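New to this one? Take a slow look at the model below, then read on for a short tour.

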Amino acid sequence: MKLTSLRIITKDIQQSVMFYEKAAGCTAQWYTEDFAELNTHSITIAIGSTRTMKMFGGEHLTASKGFTNTIIEFLVDDVDGEYENIKNLSHHIVQEPTTMPWGNRSLLFCDPDGNLINFFTPVSSEAIQKFR
């Protein structure tokens, strides 16, 4: 397992991406109108609009409802295999393993304090290449 990114969920993705591009001194790569990433030397800052949360099981996962706007993301070898372990550890599975539009197969769940955790495995050729 490798910590690879932090994902920020925002109401105004254009504004957030511009802010982080200037702060980090790099250019974002846009995958959809609702999802972009900035790659630094040590970690990726992923930025998703609040609309992406619908892909993870609903709009109810927002800071105003008690959840953070940040997702801690771990690259794992086999997200489906990890699901077998996680479903016995977490009482709050937000999304069972699902292939996302940007090419990662993703499992989203909460830790005991309600922090959002994403375990993912690249499955599209572009996503696999990115993490080599």
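What follows is a walk through a helix, some aromatic rings and the empty spaces. Keep in mind that this is a predicted model.

Let's begin with helix α2, which runs over residues 79-89. Three of its residues, V79, Y83 and I86, are buried. Looking down the axis of α2, you'd find these buried residues within an arc of 75°, so they line one face of the helix. That fits a general rule: an α-helix has 3.6 residues a turn, so residues three or four places apart point the same way. And what do the buried residues of α2 pack against? Their partners are β6 (93-99), β7 (104-110) and β8 (116-122). The N-terminal end of α2 has a cap as well, provided by D78. Here a side-chain oxygen of D78 sits 3.2 Å from the backbone nitrogen of D80.

Now for the rings. The structure holds six aromatic pairs, and two of them are set out here.

| Pair | Centre to centre | Angle between planes | Arrangement |
|---|---|---|---|
| F19 and Y20 | 5.0 Å | 85° | edge-to-face |
| F35 and W102 | 4.1 Å | 15° | stacked |

Planes over 60 degrees apart count as edge-to-face, so F19 and Y20, at 85°, get that label. F19 is exposed, with a relative accessible area of 52%, while Y20 is partly exposed at 25%.

The stacked pair is made by F35 and W102. F35 belongs to strand β3 (residues 35-39) and W102 to the loop between β6 and β7, so this pair ties together parts that are 67 residues apart in sequence. Are F35 and W102 buried or exposed? Both are buried. Add Y31, and you have one aromatic cluster of Y31, F35 and W102.

Last come the empty spaces. The largest pocket has a volume of about 220 Å³, and 13 residues line it. Nearest its centre lie K2, T4, T44, K130 and F131. Strand β1 (residues 2-10) gives the largest share of that pocket's lining, with three residues.

There are also two cavities of 30 Å³ or more. The largest cavity has a volume of about 70 Å³ and is lined by 13 residues, with S5, E37, E73, N104 and F120 nearest its centre. Which strand supplies the largest share of the lining of the largest cavity? That is β1, with three residues. β1, β3 and β8 each supply at least two residues of this lining.

Note on methods:
Residues numbered from 1 in each chain as written. Predicted model: local features only at pLDDT ≥ 70, side-chain atom pairs only at ≥ 80, totals over all residues. Heavy atoms only, no water. Buried < 20%, exposed > 50% of the residue type's maximum accessible area, 1.4 Å probe, protein only. Helix = DSSP H or I, 4+ residues; strand = E, 2+ residues; numbered from the N terminus. Arc of directions from axis to C-beta. Contact = heavy atoms within 4.5 Å. Polar contact = N/O pair within 3.5 Å; in protein donor to acceptor, adjacent residues only side chain to side chain. Phe/Tyr/Trp six-rings, centres within 6.5 Å; stacked < 30°, edge-to-face > 60°. 1 Å grid on protein atoms, 1.4 Å probe; cavity = no way out; pocket = protein on both sides within 12 Å on 5 of 7 lines; lining within 4 Å. Points joined across faces, edges and corners; volume = space filled by probe spheres on them.
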